Amino acid sequence: MLRIPCPWCGLRDEIEFRYRGDATAIRPAGDGGVDAFFSYVYERDNRRDWHLEWWLHTGGCRRLLEIERHTLTHEIRSVRDSAEALSARPAAAR
Amino acid sequence: MRGPARIVGGWGVDATRSVQFSFDGRRMQGFSGDTLASALLANGVRLVGRSFKYHRPRGIVTAGPDEPCALVDVIGAHGREPNQLATTLALFQGLATESQNRRPSLRVDVLAINNLMARFLPAGFYYKTFMAPGWAWERVYEPLIRRAAGLGRLDAIVPAHATPAESVHDHADVLVVGAGAAGLAAAQVLGATGLRVLLADQDTVLGGGTLLDARWTRWRESVCAQLARTAAVRRLPGTTVSGAYGHGVYAAIQTLDPAESAAFGGMRERLRVIRARRVLFANGAHERLIAFPGNDRPGVMLAGAALAYLRRYGVAVGRRPAFFLNNDEAYESVYALTAAGICCAGVIDSRPRSLAADRARDMGIEVHAGAVVEKVYGRHEVRGLGWAARAGGQRHKLEADCLLMSGGYSPATALASQLGAALRWEESIAGFVPELSPDLGQAAGAARGHCGLAAAAHDGRAAARVIAAQLDCAVRVAGADADAEAELPPDPEATPISALWEVRCRGKAFVDLQNDVTAEDVRLASREGYEHVEHMKRYTTHGMGTDQGRSGGLVGSAVLAEARGMPLATVGLSRPRPYSQPVPLAALAGGETGQHFKPKRRLPLHDWHESAGATFVPVGLWLRPLVYARQGGWEPVLAEAGNVRRAVGITDVSTLGKIDVQGPDAARFLDFIYANTFSTLPVGRARYGIMLREDGMLLDDGTTSRLGPQHFLVTTTTANSAAVLEHMEFHLQATCPQFDVVLTDVSEHWAQFAVAGPRAREVVAAVVSAADLCADAFPFMAVAEARIGGIAGRVFRISFSGELAYELAVPARAARAAWVALLEAGKPCGIRPYGLDALNTLRIEKGHVTGAELNGNTSAGDLGFQRLLKRNGDFIGRTLAGRPGLAAPDRLQLVGLRPVDPAGRLRNGTQLIDASERGASLGYVTSSTPAVALDGWVGLALLARGRQRIGTRLLATSPIHDEHTEVEILSPHMLDPENQRVRS
């Protein structure tokens, strides 16, 4: 079971969160076309590595968190609010 | 006297308190403090079960939870509980037990024929043999095999109340697993730092290996007394840590002692979910068996078990024991039994020489060095053994009534492995030791390959200091340390172990006694390509079962390594998963059984509904009134629904999800979330909306009202309210973080009622102040704030029933006052409450969809919502909803239907086929009901090319009910397609 250090609520059990998938999958622009949306919705790497992912703290602050977790060990390396995470990304990747 | 017997009072039993028990109907007597196993041995019982596959006679092998063979049924007040370990089952007055897997009796077991057929029953036998015909597996082979194999049997479902259980949560800085020399020493150090420590041990008494060595009594008692005075250290005897889940979460099962059990209504186990910053594995090592022919004969035991039975229970496991071993540690049993006056038949030591053997010879014990056991004599119990020099040569016979073996000690690595620890081969102990990441914790003592008690205590202290330093806690008693060190009784000097896994001779040599896996089975697996240790495990079942192969796991790996010509370090052990010990399901369920299985959500008006005679139905977690009648059947439902169509009804729709959306970008956000447009919605109006998933399928529907320029109220279906909120939260934060919008879940803030029927306006007008409700001033889809019976609330002119209808919302605390006011006002009009069943009848007639149609597989086009999809602007699901496949004409489309014969009935789930073709299913019925405004039954269905088939006839068929009804396909809008009623 994961224990996630929510920046707003402290160390909380996984059961309070909802997993929302790969945080590096960026929604294409509305006119991006079927292929781009198909890739965004369905195509995921399944790597044994560090993985950036979204977790929504539904049972707490309801903030969306960007979490860096290792898919093999489940170690969590960083957690930050989605607002902070997205503002740190290059504009093209938002 | 032959066989084992009680000789002296062990420290663990109270010889002044005798306890009566029975085994296979035979009444016997033991002492308070005995386990079933020690009491059986004290009564001379050797044969305790039949093996899993070959039905070979089996006895007690260990003195603890590693036991592979002595599994029994316990016959209790509530039925039979199988697979209880005799070696950990505390004896109590009246305990009734039976042996397992024998027919008709333990001594005469007809299925022992399997043993004679063993050469035809190798690993994988069932897979290879019972192949064809296919039907025979289920009907013939499997029942036969299940009768013949397996261990215990369940003969009753134990009622939930019979096994009360609970789960509790513990928080600690450090979890110390195991309270032997290492664990106690570690807890002592950690306790001095003020860190919060949990010290768990599976045994009912703390002490581990020190309990079997009198030289350690003083130290143990002093440490335990000190820990008892240390508030930050919590001691949990009888608590087995059975799973390690990462992030510092561990599961443990605590077996309650009799006094606590009685205080908790007979509860026996408690699940402890432990969260700890660091773990210290001090859970010792498992003594290994040696694979030699006949190593499963009753009377062949682990040497360490003999020591435990002697010192703890005062039971000598034999009158003339022989030993077969390869390490100095096991000689402790030789010395102890000899010192207790037992005449040792001899020691077979596979090593050419050792310090321990010299000491044994000094005591007058015969030691055959450099030798191995090749044969065991006796059928139901050991009568003697045949040994020979390891290099070969003549076999010598030795008379003995038990054979105590020890192949060395394997550190207990299962929990560390669950945390991802790598295993490192350690030649000096011929075993694997865990390499735990220091961020997670430490392993210490025998769990890290340190065999002696003093070495273990020393290692435990060192590990504790590392953890204390990591957690920034100084060890305050630095000065006392040296004294404590000096107190430790020294470990004897020892000659190292020399690995010995198997003696290859004629006869079955078992590597897994519980699953009847022989060394030859392991070689067969290797020959047949199951070379990886994980494949070998699954092919042979080696290492499965309640004991998880703790005594023979490494032996099996060693046999595999030899067969493959590879180093054992490379072959490794199969990876253990939680649970490492059997865990009763009742303990996992804890208190969450029966009506506490899941929480219940009650409506604000629950008490009113109940007093009105409602039957409730769980919808999600909500309890909703199904119908205001206690008896079943359609009659009361149709009366309620009919009253809505004729006069007026009122129903509680408070369970609808309600999301308050506010902010400068609220309209833009809703345009993005919904497939239709909300930015054009005027203030004071509501609009029906559908939202899609990004893959283009329908997610949910509902009405959204505009309460102000920057203020909307979204309603969702009851079932999807949490999912829709999550969907909106996610996209607001991840996809459109630039929008200035705040979402608030107000589902439980508002109670909401629908007043529906031709006379609804009369009722609502009598209660709602100020607002002009005439059709022109307050048209269909109008929304207004109003006072309802004096309570500030909202009025929506929306309809799910297809009638003129209003929905009235008031704060939940005012629900009853508003509801009662509406009922009073409606009396002259004949108002009646209606439940979920009537609501469903009304919506089916009208052709409105719910979860049965919004089932995750339907697109907007399928349900006839194509025209709702906006042309301009991006929204979730827009692009992928446009994929050709989602608009294909042969998709299942929503239609209505009714039986051609007005007396015919419909059934949900019935398949629709073309009667003339008798072909494949064209679709299925999703919802059906007897109609109130129409004749007979009506239903909704998802039908291939459904819209093209309107007006045609199909067969609704349910072969399992043998029902075949000719139906006419209709437009889903079966009632009032022009919407005159709702607009009246």
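## A covered strand in chain B

Let's start with strand β43 of chain B, residues 805-811, which is mostly covered, with six of its seven residues buried. Keep in mind that this is a predicted model.

β43(B) has partners to look at, too. Strand β40 of chain B, residues 750-756, pairs with β43(B) in the antiparallel sense, over seven bridges. If you want a spot to zoom in on, find Ala756(B), which stands opposite Ala805(B) in β43(B). Strand β42 of chain B, residues 791-796, also pairs with β43(B), and here the antiparallel pairing runs over three bridges. Look for Val795(B) and you'll find its bridge partner in β43(B), Leu808(B).

## A helix that is mostly buried

Now move along to helix α25 of chain B, which covers residues 836-846. How many of its eleven residues are buried? Ten of them are, so to speak, under cover: the helix is mostly covered. The buried set includes Leu836(B), Leu839(B), Leu842(B) and Ile844(B), but also Asp837(B), Arg843(B), Glu845(B) and Lys846(B), along with Ala838(B) and Thr841(B).

What do the buried residues of α25(B) pack against? On the strand side there are β32 (615-619), β33 (622-627), β34 (649-652), β47 (923-930) and β48 (937-944) of chain B, and there is a helix as well, α20 (635-646) of chain B. Right after α25(B) comes Gly847(B), with a positive phi near 85°.

## An open sheet in chain A

Over in chain A, four strands make an open sheet, and they line up in the order β3-β4-β5-β6 with antiparallel pairing. At the edges stand β3 (18-22) and β6 (76-81) of chain A; each has a single partner strand, so one side of each is left without a neighbour in the sheet. On average, neighbouring strands of this sheet are turned by 30° against each other, if you ignore direction.

For a closer look at this sheet, try β4 (residues 50-56) and β5 (residues 64-70) of chain A: they run antiparallel and are joined by seven bridges. One pair to pick out is Leu56(A) and its bridge partner in β5(A), Leu64(A).

## Where the two chains meet

Chain B puts 20 residues into the contact, and chain A puts in 22 residues. On the chain B side, α22 (721-735) and α26 (878-881) each supply at least two of the residues that touch chain A. The largest share of that side comes from α22(B), with six residues. What kinds of residues does chain B bring to the side that touches chain A? They split into six nonpolar, seven polar and seven charged.

The predictor gives the complex an ipTM of 0.97, and a pTM of 0.89 goes with it.

## Chain B as a whole

Stepping back, chain B has 984 residues, and buried ones make up 52% of them. It holds 27 helices and 50 strands. The C-alpha trace of chain B spans about 115 × 75 × 55 Å along its principal axes.

Take the contacts in chain B between residues at least 6 apart in sequence: 67% of these join residues at least 24 apart. As for confidence, chain B averages a pLDDT of 91, and 93% of the residues score at least 70. Where pLDDT is low, the predicted coordinates should not be read in detail.

Terms used. Residues numbered from 1 in each chain as written. Chains lettered and ligands numbered in written order. Predicted model: local features only at pLDDT ≥ 70, side-chain atom pairs only at ≥ 80, totals over all residues. Buried ≥ 20, exposed ≤ 12 C-beta atoms within 10 Å, placed from the backbone. Pairing = 2+ DSSP bridges. Contact = placed C-beta atoms within 7 Å. Nonpolar A, V, L, I, M, F, W, Y, C, P; charged D, E, K, R; others polar. Axes fitted to C-alpha atoms, helices over the stretch in contact; angles between N-to-C directions. pLDDT = per-residue confidence, 0-100.
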